[in-house]
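Student: I have a chain to look at and some labels to understand. Can we go through what each label rests on?

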Amino acid sequence: MTNSIRTLRFTHGEMTQADLARRVGVTRQTVIAIEQGRYSPSLEMAFQIAAVFGVSLIDVFQYPTDESPEQTA
């Protein structure tokens, strides 16, 4: 799973990892691990992160697939 957390932090007032962690109720180390793709958040935490930025879940987290858009049509 990939994510856009780092980009979203910078486009939302250059929010720090510590700021995001505090708003979601986790440690800064947890935010670092999620950003680096070493840890996948729970569904609840993923929704909380998206809510902090005011975007949908799909705008924050992406799950790569082997299928191209033409194969799903």
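Tutor: Start with the surface. The accessible surface of the protein chain is about 4900 Å², and carbon and sulfur atoms hold 52% of it. Keep in mind that this is a predicted model.

Student: What makes a run of residues count as a helix or a strand here?

Tutor: A helix needs at least four residues and a strand at least two. By that rule the protein chain has six helices and two strands. From the N terminus the order is β-α-α-α-α-α-β-α.

Student: Why is residues 28–35 called helix α3, and what follows α3?

Tutor: Helices are DSSP runs of at least four residues, numbered from the N terminus, so residues 28–35 carry the name α3. Glycine 37 follows α3, with a positive phi near 75 degrees.

Student: Which residues of α3 are called buried, and what does the word require?

Tutor: Buried means under 20% relative accessible area. In α3, Val31, Ile32, Ala33, Ile34 and Glu35 are buried, so each of them falls under that 20% cut-off. For the protein chain, 32% of the 73 residues count as buried.

Student: What do the buried residues of α3 pack against?

Tutor: They pack against β1 (2–3), α1 (5–11), α2 (17–24), α4 (43–53) and β2 (61–62). A contact needs heavy atoms within 4.5 Å.

Student: How much of the contact total comes from residues 24 or more positions apart?

Tutor: Among contacts with a separation of 6 or more, such pairs account for 54%.

Student: And how far apart are the mean positions of the positive and negative charges?

Tutor: They lie 15 Å apart, for 6 positive and 8 negative charges.

Note on methods: Residues are numbered from 1 along each chain as its sequence is written. This is a predicted model: local features need pLDDT of at least 70, side-chain atom pairs count only at pLDDT 80 or more; totals for chains, interfaces and linings use all residues. Side-chain values use heavy atoms; hydrogens and water are left out. Buried means under 20% relative accessible area, exposed over 50%, partly exposed in between (1.4 Å probe, protein chains only). Accessible areas come from the Shrake-Rupley method with a 1.4 Å probe; for residues, only the protein chains shown count as cover. Lys and Arg count as positive and Asp and Glu as negative; His and the chain ends are not counted. The place of a charge is taken as NZ of Lys, CZ of Arg, CG of Asp or CD of Glu.
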